[in-house]
Amino acid sequence: MIRAGRRQYAQNSDDLAKAMGISIGTFRNKQPYTDKDFPPLISSEGARVKLWDSQQTAAHLAGRPVPALPDEDDDQDLLDRNEAAAELGVTPKTWDDYKTHPQIAPHLTKVKGVEHCPRRIVKAFRTAKGDSAEAGPKGRPKGSGDMVPRDEISTRVGALLDEDPAATIATVQERVGLSYAAAARALPRLRGERIADLLQAEPALIPEEAAARLGYPTAVQRTALASAATELRARQVQPYLQRVADVLGGAGLAEQQDVTVQRLEGDVLAAAVLLSGSDTPALVWDERYGWRTAISRRHPIGKETGTPPEADGIRYLSEELQPEPAELLTALTDGRRGSRQPKTIHPAGAALHG
């Protein structure tokens, strides 16, 4: 976490490499921060973007005693995704849903490209969470649209699942105020995420055992397990996609960013990496076709779920579905415009643990 009043000292890998007088590539290869005497990270364990306190690293590099940071929690501490989730006692995936709540969203702030939330906001939300879960509308008038903002659906349906794992679509419609279609999408997705959490925590479990332990009725397990399979695929590929974004960032073609895996129609996975140092607005990865360039920065993936045609500004960068980042970097910067036909692999039928 970033301790209260120390935001200005937050330092990412690029900053630290410059302070050490080495390239970011050398920094990533040598990983000097793994030395036992190097100041500890101020980002959470497993965070995608590493952060340090620049006063501590400067002292270490100068051979001076490293000053200690405050060790008592403060309401003004800035918590990253993992730390905010831990403060609430939920998974980081659940925090991704909670952070869209109007009580949290306005207070989110990015430090060195990493989203943080003040501890006081997280604590206040934890206190009020039970009340706000009950505060939603109790029904949906016939013919009306969803009565819940889209970014609050996961939070409210998740709270209902906490209360009743066997909640039905009709219950969600009545208690949360969603249309049938919205409730039918939200319930399997959230059940799938929780099955995935349990399978990752206990790898010896089989999916059906995880679903039963979570209290999901047999009648809903098929869709929940299918959703869990998609969620596990997303979690498996996310580190690779983040590595691509980090390499592009290190090459000056993109700002530091957290890559989010999205579900397209048919539970197909896709993701986008926004570019800033290239004529190409973004790169798009689709698990069926691999990497292609995009023509829009605002909506890089778009609604197209088939193979986008090769046209001006759109081209495939590799025949492989998950090429090494260096290959993408070369394809993006070498100026070639030749067509590369992607391999097509549809995820349908993929094993849950595949």
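1. A good place to start in this predicted model is its largest cavity, which has 14 lining residues. Nearest the cavity's centre you will find Thr-94, Asp-97, Leu-190, Glu-193 and Arg-194.

2. If you would like to trace that lining back to the fold, look at three helices: H5 (92-98), H7 (153-163) and H9 (180-201) are the elements that each give two or more residues to the lining of the largest cavity.

3. What is the chemical make-up of this lining? The residues around the largest cavity divide into six charged, five polar and three nonpolar.

4. As for volume, the largest cavity comes to about 90 Å³. Across the whole structure, the search finds three cavities of 30 Å³ or more.

5. Next, please turn to a pair of helices further along the chain. Helix H11 spans residues 218-250 and helix H12 spans residues 325-333; their axes come within 9 Å and cross at roughly 45 degrees. An angle from 35 up to 65 degrees falls in the oblique range, and H11 and H12 are therefore oblique to each other. The crossing of H11 past H12 is right-handed.

6. Which residues make the contact between H11 and H12? From H11 come Tyr-240, Arg-243, Val-244, Val-247 and Leu-248, while H12 brings Pro-325, Leu-328, Leu-329 and Leu-332. Sorted by class, this contact holds eight nonpolar residues and one charged residue, with no polar ones.

Methods. Residues are numbered from 1 along each chain as its sequence is written. This is a predicted model: local features need pLDDT of at least 70, side-chain atom pairs count only at pLDDT 80 or more; totals for chains, interfaces and linings use all residues. Side-chain values use heavy atoms; hydrogens and water are left out. Axes are lines fitted to C-alpha atoms, for helices over the stretch in contact, and angles run from 0 to 180 degrees between N-to-C directions. Helices (H or I, at least four residues) and strands (E, at least two) are DSSP runs, numbered from the N terminus. Angles under 35 degrees count as roughly parallel, over 145 as roughly antiparallel, 65 to 115 as roughly perpendicular and the rest as oblique. A crossing is left-handed if the near helix is turned anticlockwise from the far one by less than a right angle, and right-handed if clockwise. Contact means heavy atoms within 4.5 Å. Ala, Val, Leu, Ile, Met, Phe, Trp, Tyr, Cys and Pro count as nonpolar, Asp, Glu, Lys and Arg as charged, and the others, Gly among them, as polar. On a 1 Å grid over the protein atoms alone, a cavity is a set of points where a 1.4 Å probe fits but cannot get out, and a pocket is an open set with protein on both sides within 12 Å along at least five of seven lines; lining residues have an atom within 4 Å of a point. Grid points are joined across faces, edges and corners, and a volume is the space filled by probe spheres set on the points.
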